[in-house]
Amino acid sequence: MDLDSFLRDPQSRRRFFRTSGVAVAGSSAIFLSACGDEASTPGPAGPDESDEADVEILNSALDLELMAVAAYKAGAAQLRGEVLQVGKLFLEQEQEHADGLASAITDAGGKPNRAKASYDFPALRSQTDVLRFAVDLENTAIAAYIDALPKLGKGDLRATAAAIVANEAEHVSVLLDALGEDPVPFAFVVGRAA
Amino acid sequence: MASDRIVIADGDADTAQVAEFERGRRELLRRGLGFGGAAIAASSIPLLLSVRNAFAASSGDAGILEQAIGLERIAILAYETAIDSGLLTAAFTRVARRFRDHEQEHADALTTALMDLGGTPPAKKPTLKDIDGVVKGLGSVKSQADIANFAIELEMAAVAAYYDAHRKLVDAKLLQAGASIMANEAQHLVVLRQAVKRAPVPNAFETGKT
């Protein structure tokens with residue numbers, strides 16, 4: 001994956017989470033059938049299309065979380081003292097997201113994706129480089145989750161995705177603060193740069 | 001690269017904010033709370049539950065929007081009450097004004113969305129009693145820290161309400177708007193928690209619960 005262009009191109013970010021057969025227009029049927037019954041979607045026995053679509057979206061989210069884990073590991077070498085502690089905490093939280101997504105994928109009958117052998121990260125030569133890259137990654141994740149959220153068929157998964165978005169937004173605030181910038185620049189958090 | 005290769009170095013903090021954050025974290029660790037353990041007052045939990053139930057029990061997107069508008073208006077009034085309390089420093093007053101303005105932006109957007117659905121925004125303006133109905137204690141605050149702790153509980157209640165709404169909302173744009181508002185309330189929580197030296201990001205999943 002060419003991460004640099006991925007981060008800068010909203011179209012590719014949107015494509016990242018767009019799964020075949022789960023376009024925005026088609027998703028309303030899933031919402032309607034899921035509405036009022038968060039545990040299951042009514043329908044004939046057999047493979048659940050909602051589950052299959054959810055698995056594909058969840059695996060895309062898992063890819064992004066695994067990349068974030070790798071990024072915080074790669075960036076740790078440039079971090080010192082209190083900022084290193086922040087980086088370690090955020091790494092652990094991204095891992096918790098990845099673990100939660102993997103469980104959800106397994107529960108839905110899917111197979112969780114695994115981390116790539118290597119990632120094409122930009123050169124991280126200073127603490128500031130790492131903090132700025134982390135802000136970009138977190139914003140990318142927020143944008144991707146917000147794009148994907150309505151496409152998830154199950155209410156519990158939508159709620160969990162929103163809880164992850166809120167946590168990534170908290171990360172952004174701490175990272176911006178560490179950079180000496182406004183920690184809460186916008187009333188609506190959609191993953192754009194400040 | 002494995003996480004066990006990360007070396008903890010005791011360097012100087014790069015910014016005053018980070019140093020302040022770390023002091024707060026260490027203080028929490030000394031008090032046995034630590035990351036993941038910072039808890040809101042136990043007395044507030046029934047209140048949070050009541051808010052979540054009220055919010056989640058409303059049926060249909062319009063009903064959820066009305067509940068959300070009511071909650072945002074209560075937050076606006078709470079921040080205005082805090083600003084007028086005379087207890088805040090100039091810096092904290094600026095923060096409270098920013099957050100009040102954000103809540104106003106949320107209320108305005110939700111009102112527009114409700115009207116787009118053919119609904120009518122609630123006519124009733126909230127009172128101090130309505131604030132008490134969500135989180136008690138604003139009337140008896142005696143310090144800036146009291147206000148920050150109160151605001152944390154109020155923002156937590158809002159995050160919890162939006163979290164639960166994601167199970168019920170149907171419209172895709174409303175789901176997305178709800179997530180972006182919920183995430184903003186979570187960012188408010190970071191600033192407020194730092195102000196009273198609590199761990200700023202205690203949970204990997206910010207649900208508004210502890």
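Which residue follows H7(A), and is its phi positive or negative? Select Gly180(A): this glycine comes after H7(A), and its phi is positive, near 80°. Keep in mind as you click around that this is a predicted model.

**Stop 1: chain A as a whole**

Colour chain A by secondary structure. You'll find seven helices and zero strands, so to speak an α-α-α-α-α-α-α run when you read along the sequence. Chain A has 194 residues, and buried ones make up 50% of them. Now think about contacts between residues at least 6 apart in sequence: in chain A, 75% of those join residues at least 24 apart.

**Stop 2: helix H7 of chain A**

Select residues 155-178 of chain A. That's H7(A), with 24 residues. From first C-alpha to last, H7(A) reaches 35 Å, close to the 34 Å expected at 1.5 Å a residue. Most of this helix is covered, with 23 of its 24 residues buried. Gly180(A), from the opening question, comes after this helix.

**Stop 3: H5 against H7 in chain A**

Keep H7(A) on screen and add H5(A), residues 81-107 of chain A. A word on how to look at such pairs: two packed helices are described by the angle between their axes and the distance between the axes. For H5(A) and H7(A), the angle is about 165° and the axes are 12 Å apart. Angles over 145 degrees count as roughly antiparallel, and H5(A) and H7(A) are therefore roughly antiparallel to each other. The crossing of H5(A) past H7(A) is left-handed.

To see who makes the contact, show these side chains:

- From H5(A): Val83(A), Val86(A), Phe90(A), Gln93(A), His97(A), Gly100(A) and Ala104(A).
- From H7(A): Leu157(A), Thr160(A), Ile164(A), Asn167(A), His171(A), Val174(A) and Ala178(A).

Sorted by class, the contact of H5(A) with H7(A) has eight nonpolar, six polar and no charged residues. Look at the spacing of the labels, too. An α-helix has 3.6 residues a turn, so residues three or four places apart point the same way.

**Stop 4: H4 against H5 in chain A**

Hide H7(A) and bring in H4(A), residues 49-75 of chain A. The axes of H4(A) and H5(A) come within 9 Å and cross at roughly 160°. H4(A) and H5(A) are therefore roughly antiparallel to each other, and H4(A) passes H5(A) in a left-handed crossing. The residues of this contact divide into 15 nonpolar, five polar and three charged.

For a closer look, pick out some of the contact residues. On H4(A) they include Leu58(A), Leu62(A), Glu65(A), Val69(A) and Tyr72(A); on H5(A) they include Phe90(A), Leu91(A), Glu94(A), Ala98(A) and Leu101(A). Phe90(A) was also on the list for the contact with H7(A).

**Stop 5: over to chain B**

Switch to chain B, which has 210 residues, 45% of them buried. Here again there are seven helices and zero strands, running α-α-α-α-α-α-α from the N terminus on.

Select residues 90-116 of chain B, which is helix H4(B). At 1.5 Å a residue, its 27 residues should span 39 Å; the end C-alpha atoms are 39 Å apart, which agrees. Its buried residues include Val95(B), Phe99(B), His102(B), Glu103(B), His106(B) and Leu110(B). Show helix H3 (60-83) and helix H7 (172-195) of chain B as well, since the buried residues of H4(B) pack against both. Just after H4(B), click on Gly118(B), which takes a positive phi of about 90°.

**Stop 6: Ile76(B)**

Move along to Ile76(B), in helix H3 of chain B. With 19 C-beta neighbours inside 10 Å, Ile76(B) counts as partly exposed, because the cut-off for buried is 20 or more. Leaving out residues up to four places away in sequence, Ile76(B) touches Arg100(B), Glu103(B), Gln104(B) and Ala107(B). Try the distance tool on Ile76(B) and Ala107(B): their C-alpha atoms are 9.0 Å apart, although the two are 31 residues apart in sequence.

**Stop 7: Lys197(B)**

Finish in the segment after H7 of chain B, at Lys197(B). Most residues other than glycine have a negative phi. Lys197(B) is not a glycine, yet its phi is positive, about 60°. Lys197(B) is partly exposed, with 19 other C-beta atoms within 10 Å.

Conventions
Residues numbered from 1 in each chain as written. Chains lettered and ligands numbered in written order. Predicted model: local features only at pLDDT ≥ 70, side-chain atom pairs only at ≥ 80, totals over all residues. Helix = DSSP H or I, 4+ residues; strand = E, 2+ residues; numbered from the N terminus. Expected span 1.5 Å × (residues − 1). Buried ≥ 20, exposed ≤ 12 C-beta atoms within 10 Å, placed from the backbone. Contact = placed C-beta atoms within 7 Å. Axes fitted to C-alpha atoms, helices over the stretch in contact; angles between N-to-C directions. Parallel < 35°, antiparallel > 145°, perpendicular 65-115°, else oblique. Left-handed = near helix turned anticlockwise from the far one by under 90°. Nonpolar A, V, L, I, M, F, W, Y, C, P; charged D, E, K, R; others polar.
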